[in-house]
Amino acid sequence: MPKTKKTTSKNDSSESENEIQKPKAPSKNHKDNNNSEGSSPASQPVDLSTEDRKSDNEVSKLSVAHEIAVNQDLVVKENDFSESSLESNFVETMYNAFWDHLKDQLSKTPPDFSCALELISNIKQILVSLLFPRQNRLRSEIEEALDIDLLKRETEHGSLNVPHLSSYILNLMALLCAPVRDEAVQNLGSIKDPVELLRGIFHVLSLMKKDMMNYTIKNIQPYLQEQSVQCERAKFQELLDKQPNLLDCTIKWMTRAATDITKPLPSTSVSPSSSSGISLFSFPTTDPDPPSLTTVLYQGYLNLVLRDHGNEEFPETMLMDKARLQAMRSKLHHLTILASVLLVARSFSCGVLFSSPEFVEKLKNITKELTKEFSSKPEESMLSVSDQISQEIHQGLKDTGLTVLSSENRASLVGQLRNIAKKENCIRTIIEQRIHLFLKCCLIHGMRASLLDFQGGLLFIEPELAELGWKFVNLMHYNQHVFGPYYAEILKNIISPPNAEKNEEKPI
């Protein structure tokens, strides 16, 4: 773990390696000294100091390292601009203008190679960057063969051998590229126009750089995962030293989670969609002992992925995962609608059609496609789903020789499917409760135990829900490992002093 401001003597070094240093959590009464001068921030020009820029750079590096550590599916991709977008048109116009300028230079008599030499210099830098540290001999060979000063003198004397230079670069690319790029490099050899050849070389080199980045990420991921907990904690402590109020939103988040656990449960059942503050953990209000840190954190984690936060600020310790958690919440919402549709559809097919995995998969694909805009257009989405699903069930019963649905039953099926658009729909509420309970069990008992006891109504979305559950649990456990010491300090300040003393006597 990188050194923090706290230092230890040589005699204490072994102890400090095995124990987590107590983080410096800010007090709630901290006041920003920057506002003590009485000047309004709005009346002053915004000027980022060197220290601010350095801090932003550190946060950016920390975000990249965090993403590599927690995202097992991380892949670097090319900029994916839509063909009609402003960005795409701008980039394409600039590229075409540059290549037209290069063509004009090479068409002169004698040719002007100044721009082409700049491109070759860039090609040289990219090729060298693709080498491994041990490839020193090949690095020296590239430096010698693509010596820009030498090539410049050859152009001045009219002795530059362009075909030989092109062949050398293409052979080098074929040597360094991944097998998936072999065909692209080979196709470059058939291009005779020098401008188009250079354009093609840069395109393939960009793909080779992307391949190398993904290869590097996969190789450093295991190492980063081992070191990232201590590294992230140390970097966060550095930021906390500079910004003592950095944990304000985290304190509010944990306070709300602790309140959700300890407040009395309502006498009547309330749907999860309308009870964002209802505790998912049973905790007797008469129990004199305070909730454990793990219980408070699990409640807080579930609040993050189950509640709609709107403009509410995220806890600082979860900011790097905010987009990931929002994507999980959106996915859970869509899985709730999908499971509700399948549960209703199954009740009208007598279970026969749903014994066919192909039929179930077909209904799932139809529902997923038609509910993509459910968040903004719930009624319209379910109108389309009800018509299509009822038609599929009618046709499925007919094809298997079973009695098709009567007009009354079909109208009932359509009506129940359309009612899923309402938040208070009882089937949707049941599915929500079961999904929430599944996530709670995943945190408490682990994924394997939770998957062995899958509740009815969720079986048809088991693969999707299991995948999301793994990601959620892994992310939350990782966050707990990184920021656990800070959370422990915050919890001591949240609960009353007598309870805090009791809580210290018992291991969490």
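Accessible area here comes from the Shrake-Rupley method with a 1.4 Å probe.

**View A. The whole chain, all helices and no strands.** Keep in mind that this is a predicted model. Its secondary structure adds up to 19 helices and zero strands. The chain exposes about 29900 Å², and carbon and sulfur atoms supply 52% of that area. Of its 508 residues, 39% count as buried. Now look at contacts between residues with a separation of 6 or more: 70% of them join residues that are 24 or more positions apart.

**View B. How far can you trust the start of the chain?** The mean pLDDT of the chain is 79, and 78% of the residues reach 70 or more. Residues 1–22 are another story, with pLDDT under 50 throughout. The model gives this stretch 17 contacts beyond four places in sequence. Over residues 25–46 the pLDDT is below 50 too, and that stretch has 13 contacts in the model beyond near neighbours in sequence. Where pLDDT is low, the predicted coordinates should not be read in detail.

**View C. Two rings from two helices, Trp253 and Tyr301.** How do you describe a pair of aromatic rings? You use the distance of the centres and the angle of the planes. The count for this model comes to eleven aromatic pairs. In one of them, the ring centres of Trp253 and Tyr301 are 5.8 Å apart with their planes at 40°, so this pair is tilted. Trp253 belongs to helix H10 (residues 248–262) and Tyr301 to helix H11 (residues 293–306), so the pair ties together parts that lie 48 residues apart in sequence. Are Trp253 and Tyr301 buried or exposed? Both are buried. Zoom out a little and you'll find them in a cluster linked by ring pairs, along with Phe236, Phe483, Tyr486 and Tyr487.

**View D. Helices H10 and H11, side by side in the story.** H10 has 15 residues and reaches 21 Å from its first C-alpha to its last, close to the 21 Å expected. Its buried residues include Cys249, Ile251, Trp253, Met254 and Asp260. Among the things covering the buried residues of H10 are H11 and helix H18 (462–494). H11 has 14 residues and reaches 20 Å, close to the 20 Å expected. How many of the residues of H11 are buried? Twelve of the 14 are, and H11 is mostly covered. Tyr298, Gln299, Gly300 and Asn303 are among those buried residues. They pack, as a set, against H10, helix H12 (322–347), helix H16 (426–445) and H18.

**View E. A charged end over a ring, at Arg134 and Phe132.** Here the charged end of Arg134 sits over the ring of Phe132. The distance to the ring centre is 5.0 Å.

**View F. Glu392 and what it touches.** Glu392 lies in helix H14 (residues 378–399). Why does Glu392 count as buried? Its relative accessible area is 13%, and buried means under 20%. Leaving out neighbours within four places in sequence, Glu392 is in contact with Phe359, Lys362, Leu363 and Ile366.

**View G. Ile169, tucked into helix H7.** You'll find Ile169 in helix H7 (residues 162–176). Its relative accessibility is 4%, so Ile169 counts as buried. Which residues does Ile169 touch, not counting those up to four places away in sequence? The answer is Ile123, Leu146 and Ile201. Ala145 is 24 residues from Ile169 along the chain, and their C-alpha atoms are separated by 9.5 Å.

**View H. Lys192, out in a loop.** Lys192 is in the loop between helix H8 (182–188) and helix H9 (194–242). At 73% relative accessibility, this lysine counts as exposed, because the cut-off for exposed is over 50%. Lys192 and Pro163 are 29 residues apart in sequence, yet 9.5 Å apart in space from C-alpha to C-alpha.

**View I. A cis peptide bond at Pro110.** Most peptide bonds are trans. The bond from Thr109 to Pro110 is cis, with omega near -5°. Where does Pro110 sit? It's in the loop between helix H3 (86–107) and helix H4 (114–129).

Technical notes
Residues numbered from 1 in each chain as written. Predicted model: local features only at pLDDT ≥ 70, side-chain atom pairs only at ≥ 80, totals over all residues. Heavy atoms only, no water. Phe/Tyr/Trp six-rings, centres within 6.5 Å; stacked < 30°, edge-to-face > 60°. Helix = DSSP H or I, 4+ residues; strand = E, 2+ residues; numbered from the N terminus. Buried < 20%, exposed > 50% of the residue type's maximum accessible area, 1.4 Å probe, protein only. Lys NZ or Arg CZ within 6 Å of the ring centre and 35° of its normal. Contact = heavy atoms within 4.5 Å. Expected span 1.5 Å × (residues − 1). pLDDT = per-residue confidence, 0-100.
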